[in-house]
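Q: Please take a close look at the enclosed and open spaces in this structure. What lines them, and which elements supply the linings?

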Amino acid sequence: MESRKPVVPIYSAEKIALRIDALGAQIAQDYQGLDLRMVTVLKGGMFFLSDLCRAADLPLRIDFMAVSSYGAGSPGVVRITKDLDDSIENAHVLVVEDIVDTGLTLSYVLKMLRARNPSSLKVCTLFDKDVRRIVEPVITYSGFRVSDKFLVGYGLDFMGKYRNLPDVFSLEDLRTDN
Amino acid sequence: MSFTMTQPISQSADNEPGRSIEQIKFAHPSERIAAEILEFYQIRWEYEPTVFPLEWDGNGNVVASFSPDFYLPDLDLYIELTTMSQKLVTKKNRKVRRVRELYPDINIKIFYQRDFRNLLMKYGITPEHIGGGEFIEAENGRG
């Protein structure tokens with residue numbers, strides 16, 4: 001095996017874990033005594049949700065949904081490809097996102113969820129990249145505000161790959177290394 | 001036309017709201033992709049609906065103006081795409097700055113080549129899908 005110079009992550013697994021612990025503690029405090037549902041959009045958000053729900057010391061429930069993504073020449077409009085398993089009516093819903101970029105997907109998801117009459121609907125994102133924001137959803141909990149780098153790892157992908165990296169890297173750095 | 005005050009001009013031409021993407025003559029292939037993305041996410045948009053006069057001659061005739069690529073009525077937001085050379089970007093930046101000075105109440109966002117390229121990479125779209133000459137020069141990575 002050829003030796004390669006190690007690529008320095010933008011956000012190490014340790015740094016991410018520390019931030020998630022802090023977010024979890026804050027969420028546990030804010031949702032004390034409430035019926036909290038943490039909902040994430042597959043696939044990227046599952047890694048963050050998995051750690052965040054364990055960092056929040058609450059008897060919460062989790063659920064997943066998936067939406068179609070735009071692709072070149074995609075006909076039609078965005079749609080739900082996997083819906084939540086449970087009703088969220090009268091529940092306190094926290095949408096857990098790996099990254100909010102343009103806000104287009106998130107705004108669609110929030111619109112869909114809002115129509116189901118939850119008691120409250122808030123957003124927690126690990127990475128908040130607002131340089132290309134088009135729609136401005138209210139983000140209540142944010143892990144890191146990130147610059148305009150294409151991040152991969154910890155759920156973030158490029159063409160479906162790299163989600164499983166425990167650290168978060170700049171794709172550019174990874175490619176240069178390869 | 002002559003204007004003596006800063007007043008945006010509605011431009012109906014052949015880009016009226018309600019026209020489909022196929023019916024609109026986009027100035028650049030990247031604009032068509034942007035329209036498709038907005039359509040996909042059910043964000044209402046209009047293509048170049050407004051002209052903002054920027055400079056006038058002594059007789060009040062408009063001698064320089066700017067028409068942002070998109071207007072998103074539900075967000076009250078104008079969007080300008082720049083998928084071109086840095087030299088032209090500088091010129092466009094100057095125009096956008098002037099628009100903000102003359103029309104402080106409007107919201108306008110400029111998407112630079114890198115912004116847009118990275119957005120497309122997120123959707124797995126490569127420069128080849130677009131075919132715009134300037135865009136093909138795009139470098140690797142989301143930035």
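A: A cavity, as the word is used here, is a set of grid points where a 1.4 Å probe fits but cannot get out, whereas a pocket is an open set with protein on both sides within 12 Å along at least five of seven lines. The model under discussion is predicted. A search of the whole of it finds two cavities of 30 Å³ or more.

The largest cavity holds about 100 Å³ of space. Its lining draws on both chains: Leu104(A) and Ile134(A) take part, together with Ala34(B), Ile37(B), Leu38(B), Phe70(B), Ile79(B), Leu81(B), Phe111(B), Phe116(B) and Leu119(B). Two or more lining residues come from each of α1 (29-40), β6 (77-81) and α3 of chain B. Among the contributors, α1(B) has the largest share, with three residues. In terms of residue class, this lining comprises 11 nonpolar residues, with no polar and no charged ones.

The second largest cavity has a volume of about 40 Å³. It is lined by Arg37(A), Val39(A), Arg61(A), Ile62(A), Asp63(A), Leu84(A), Asp86(A) and Ile88(A). Here β1 and β2 (61-67) of chain A each provide at least two residues, and β2(A) gives the largest share, namely three. The class count for this lining is four nonpolar and four charged residues, with no polar residue.

Turning from the cavities to the open spaces, the largest pocket has a volume of about 680 Å³. It is lined by 33 residues, of which Ser69(A), Thr105(A), Asp157(A), Arg163(A) and Lys122(B) are the closest to its centre. The elements that contribute two or more residues are β1 (36-42), β4 (92-100) and α3 (104-114) of chain A, along with α3 (113-122) of chain B. The largest share belongs to β4(A), which supplies four residues. By class, the pocket lining divides into 15 nonpolar, 10 polar and eight charged residues.

Some elements recur across these linings. The α3 helix of chain B gives two or more residues to the largest cavity and also to the largest pocket. In chain A, β1 supplies at least two residues to the second largest cavity and two or more to the largest pocket. The linings may also be set side by side by class: that of the largest cavity has no charged residues, that of the second largest cavity has four, and that of the largest pocket has eight.

Conventions
Residues are numbered from 1 along each chain as its sequence is written. Chains are lettered from A and ligands numbered from 1 in the order in which they are written. This is a predicted model: local features need pLDDT of at least 70, side-chain atom pairs count only at pLDDT 80 or more; totals for chains, interfaces and linings use all residues. Side-chain values use heavy atoms; hydrogens and water are left out. On a 1 Å grid over the protein atoms alone, a cavity is a set of points where a 1.4 Å probe fits but cannot get out, and a pocket is an open set with protein on both sides within 12 Å along at least five of seven lines; lining residues have an atom within 4 Å of a point. Grid points are joined across faces, edges and corners, and a volume is the space filled by probe spheres set on the points. Ala, Val, Leu, Ile, Met, Phe, Trp, Tyr, Cys and Pro count as nonpolar, Asp, Glu, Lys and Arg as charged, and the others, Gly among them, as polar.
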